[in-house]
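Welcome to a short walk through a structure. Please open it in your viewer and keep the selection tool at hand.

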Amino acid sequence: MSSSTDISTLYREFTDALTEVLAENAGGPARRGHLAKSRAAVKKHPKYSEHEYFLAVEAAFEHWEAMQNAGHLDRSS
């Protein structure tokens with residue numbers, strides 16, 4: 001991804017990748033690789049903001065929690 005990519009798109013891709021990893025209980029190597037690539041793209045973008053990064057992480061956890069509450073994750077209890 002180039003630095004000309006819209007930062008909001010990169011944050012959204014990062015949020016989606018993190019949500020996938022959380023939903024898969026740490027995911028396989030491919031999912032973790034996608035997360036690492038999207039995180040790196042966000043962090044090296046010239047318009048990177050730590051505040052926006054934390055908002056993206058928070059959004060991923062909110063998405064994961066909503067999925068969990070909706071029963072989309074296997075529960076072992």
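In what follows, helices are DSSP runs of H or I with at least four residues, numbered from the N terminus. With that naming, pick Thr-5, which lies in the segment before α1. What you are looking at is a predicted model.

**Stop 1: Thr-5**

Thr-5 is partly exposed, with a relative accessible area of 24%. Now add His-45 to the selection. Thr-5 and His-45 are 40 residues apart in sequence, yet their C-alpha atoms are 8.3 Å apart in space. Leaving aside residues up to four places away in sequence, Thr-5 touches Leu-10 and His-45.

**Stop 2: along α3**

Next, select residues 50-69, which make up helix α3. How far apart are the end C-alpha atoms of α3? They are 29 Å apart, and this agrees with the 28 Å that 20 residues should span at 1.5 Å a residue.

Colour Tyr-53, Ala-56, Val-57 and Ala-60: these residues of α3 are buried. Turn the view so that you look down the axis of α3; the buried residues fall within an arc of 95°, so they line one face of the helix. Show α1 (7-23) and α2 (29-44) as well, since what covers the buried residues of α3 includes these two helices. For the contrast, go to the other side of α3, where His-51 and Asn-69 are exposed. Before leaving, step just past the end of α3 to Gly-71, which takes a positive phi of about 85°.

**Stop 3: the nonpolar core**

Which residues have the most contacts inside the largest nonpolar core? Select Tyr-11, Phe-14, Leu-18, Leu-35, Val-42 and Tyr-53 to see them; the core has 15 residues. The elements that give two or more residues to this core are α1, α2 and α3. Its largest share, eight residues, comes from α1.

Zoom in on Phe-14 and show its neighbours. Not counting residues up to four places away in sequence, Phe-14 touches Leu-35, Ser-38, Arg-39, Val-42, Tyr-53, Ala-56 and Val-57.

Then move to Thr-15, which also lies in helix α1. Is Thr-15 buried or exposed? Its relative accessible area is 7%, so Thr-15 is buried. With residues up to four places away in sequence again left out, Thr-15 touches Ala-56, Ala-59, Ala-60 and His-63.

**Stop 4: the rings**

Now show the aromatic side chains. Phe-14, Tyr-48, Tyr-53 and Phe-54 form one aromatic cluster. Stay with Tyr-53 and add Lys-43: the charged end of Lys-43 sits over the ring of Tyr-53, 4.5 Å from its centre.

Counting rings whose centres lie within 6.5 Å, there are four aromatic pairs. One of them is formed by Phe-61 and Trp-64, an edge-to-face pair with 6.4 Å centre to centre and 85° between the planes. Phe-61 and Trp-64 are three residues apart in helix α3, so about one helical turn separates them. Switch on the surface to finish: Phe-61 is partly exposed, with a relative accessible area of 40%, and Trp-64 is partly exposed too, at 22%.

How values were computed:
Residues numbered from 1 in each chain as written. Predicted model: local features only at pLDDT ≥ 70, side-chain atom pairs only at ≥ 80, totals over all residues. Heavy atoms only, no water. Expected span 1.5 Å × (residues − 1). Buried < 20%, exposed > 50% of the residue type's maximum accessible area, 1.4 Å probe, protein only. Arc of directions from axis to C-beta. Contact = heavy atoms within 4.5 Å. Phe/Tyr/Trp six-rings, centres within 6.5 Å; stacked < 30°, edge-to-face > 60°. Lys NZ or Arg CZ within 6 Å of the ring centre and 35° of its normal. Core = buried A, V, L, I, M, F, W, Y, C linked by side-chain atoms within 4.5 Å.
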